[in-house]
Amino acid sequence: MCAGCSGNSTDNGINGGAVRHRPASSPYQSVTDYLSNVNNFKIIESTLREGEQFANAFFDTQTKVAIAQALDSFGVDYIELTSPVASEKSFKDCQLICSLGLKAKILTHVRCNMEDAKAAVATGVDGVDLVIGTSSFLREFSHGKSMEYIQKTAIEVIEYLKGEGVEVRFSSEDSFRSDLVDLLSLYKAVDAAGVQRVGIADTVGGATPRMVYDLVRTLRGVVHCDIETHFHDDTGCAVANAHAALEAGATHIDTSVLGIGERNGITPLGALMARMVVTAPEYVKSKYKLRELKALEVLVADAVQIVRRAELFLFVLLFSPLSQNIPFNNPVTGFCAFTHKAGIHAKAILNNPSTYEIINPEDFGLSRYVSISSRITGWNAVKSRVDQLGLEMTDDQVKEVTAKIKQLADIRPLAIDDTDSILRSFHAEQVEGVMARL
């Protein structure tokens, strides 16, 4: 007997034929109350923002447009794009996608400062997603700002963005390792300032559904605005956490196609759809074009050069040992599990790995990798590679060569050999310049 059946496969007409295969005792029916939004939620699709932080990701303009159009056709409510300050190409691509006339609202995700906010507005986006780290880990090892400074800056930037007529979301980063009193005070202040949404983020993937439910439920009693949630999948809980968040009163869920993103990525769009079509079938089927999901995933899989699981399984059976059938984003053992790419992540990881890793790779005989071969790299990561190569550069020189790497990465994908060649050539030029002046 299937789990969704009562044992009587035919309708006797007593109930007028309603609710076939969904008896009142079904274990898949969500326990809901007046706060629950499992039947009324919105998707903020972040393949073109979080997904660009996936180790294999290089989206040219044509691919970005194709993904944005496919997401729009699928029915997502929002499409989130990489910060326009990441590179010149990121800015131009953001402008282009804003001009496509899509039904989905276009957002961009930026640091909580005025410079980033102004750049975001200049692209023509419908909304701006502000973020800043609030845990002790990130305040000490990433940006170094106090909670008082964070709140003061947030209010200033929010007021500016409201004046520009765009939607505003303010999110803490590493919410679940932040002090609860500090966090709620900050959210209350930005809610009073008039944001459309506040966001909570399980940035290191360490939260459990119970933890999520408790925090969202508490936050729901503090703010009047919508609540957005962002869950990383380092411990395999992203989908369960998203579901728990909706049960507790969250209104928006961040996803990416195939779950791609920093390290093991975030809540996969397809997996969330699978969960929610069981929980709220009428809502999901009426809102999202589920038949388009496969084509959407194939599009993204091809763009980031992932062998789709069915193809990989066939390959494994014919040509290789079974151990190679580990998914790219498998918790702990997937090849991306401890790969760090975004500049803001790399800086903190190099200072203290606990900032963005809830699991120590060394406990499993593994190691981490900090990528510097992309447009979203940061100079701190490049400096680390410069030191590894035994090259001597000042901070200003490292920043200059980082800009060169970003410029080339805007044009084509880079391998580590490419970036090492850039570093060595730049260093040689600096040495020759010094010798010429002697």
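Colleague: How many of the 11 residues of helix α8 (residues 238–248) are buried?

Modeller: First, this is a predicted model: local features need pLDDT of at least 70, side-chain atom pairs count only at pLDDT 80 or more, and totals for chains, interfaces and linings use all residues. Residues are numbered from 1 along each chain as its sequence is written, and side-chain values use heavy atoms, with hydrogens and water left out. Helices (H or I, at least four residues) and strands (E, at least two) are DSSP runs numbered from the N terminus, while buried means under 20% relative accessible area, exposed over 50%, and partly exposed in between (1.4 Å probe, protein chains only). Helix α8 is largely enclosed by the rest of the structure, because the buried count among its 11 residues is 9.

Colleague: Which elements are included in what covers the buried residues of α8?

Modeller: The buried residues to be covered are Ala238, Asn241, Ala242, His243, Ala244, Ala245, Leu246, Glu247 and Ala248. Contact here means heavy atoms within 4.5 Å. The cover includes β6 (197–202), α7 (209–220), β7 (226–231), β8 (252–255) and α9 (269–279).

Colleague: Thanks! In what order do the 8 strands close into a barrel?

Modeller: Strands pair if DSSP finds at least two bridges between them. One such pair is β1 (residues 42–45) with β8, parallel over 4 bridges, where Glu45 stands opposite Thr255. The pairing in the barrel is parallel, and the order is β1-β2-β3-β4-β5-β6-β7-β8.

Colleague: How many residues of strand β4 (residues 127–133) are buried?

Modeller: In a regular strand the side chains alternate between the two faces of the sheet. For β4, one side holds Gly127, Asp129, Val131 and Gly133, the other Val128, Leu130 and Ile132, and all are buried. The buried count for β4, out of 7, is therefore 7.

Colleague: And in β4, which residue is the bridge partner of Thr108?

Modeller: Strand β3 (residues 105–111) runs parallel to β4, and 5 bridges join them. At Thr108, the partner in β4 is Val128.

Colleague: In the largest nonpolar core, which residues touch the most other members?

Modeller: A nonpolar core is a set of buried Ala, Val, Leu, Ile, Met, Phe, Trp, Tyr and Cys residues joined through side-chain atoms within 4.5 Å. Of the 84 residues in the largest one, those that touch the most other members are Leu130, Leu161 and Phe170.

Colleague: Which helix gives the largest share of this core?

Modeller: The largest share is 8 residues. They come from helix α5 (residues 147–163).

Colleague: How many residues does the other core have, the one that lies apart from it?

Modeller: Among its members are Val382, Met393, Val401 and Ile405. The number of residues in this other core is 21.

Colleague: Which backbone nitrogen lies 3.5 Å from a polar atom of the side chain of His427?

Modeller: His427 lies in helix α16 (residues 416–437) and is buried, with a relative accessible area of 18%. Leaving aside neighbours within four places in sequence, His427 is in contact with Leu391, Glu392 and Met393. A polar contact is a pair of N or O atoms within 3.5 Å; within protein, one must be able to donate a hydrogen and the other to accept it, and residues adjacent in sequence count only if both atoms are side-chain atoms. The backbone nitrogen in question belongs to Glu392.

Colleague: How far from the backbone nitrogen of Lys341 is a polar atom of the side chain of Glu262?

Modeller: Glu262 sits in the loop between β8 and α9 and is buried, with a relative accessible area of 0%. Beyond four places in sequence, the contacts of Glu262 include Glu50, His232, Thr339 and Lys341. The distance from the Lys341 nitrogen to that polar side-chain atom is 2.8 Å.

Colleague: What positive phi does Asp174 have, although it is not a glycine?

Modeller: Most residues other than glycine have a negative phi. Asp174 is in the loop between β5 (167–173) and α6 (180–192) and is buried, with a relative accessible area of 2%. Its positive phi is about 60°.

Colleague: Last one: what positive phi does Leu258 have?

Modeller: Leu258 also has its place in a loop, between β8 and α9. Although Leu258 is not a glycine, its positive phi is about 65°.
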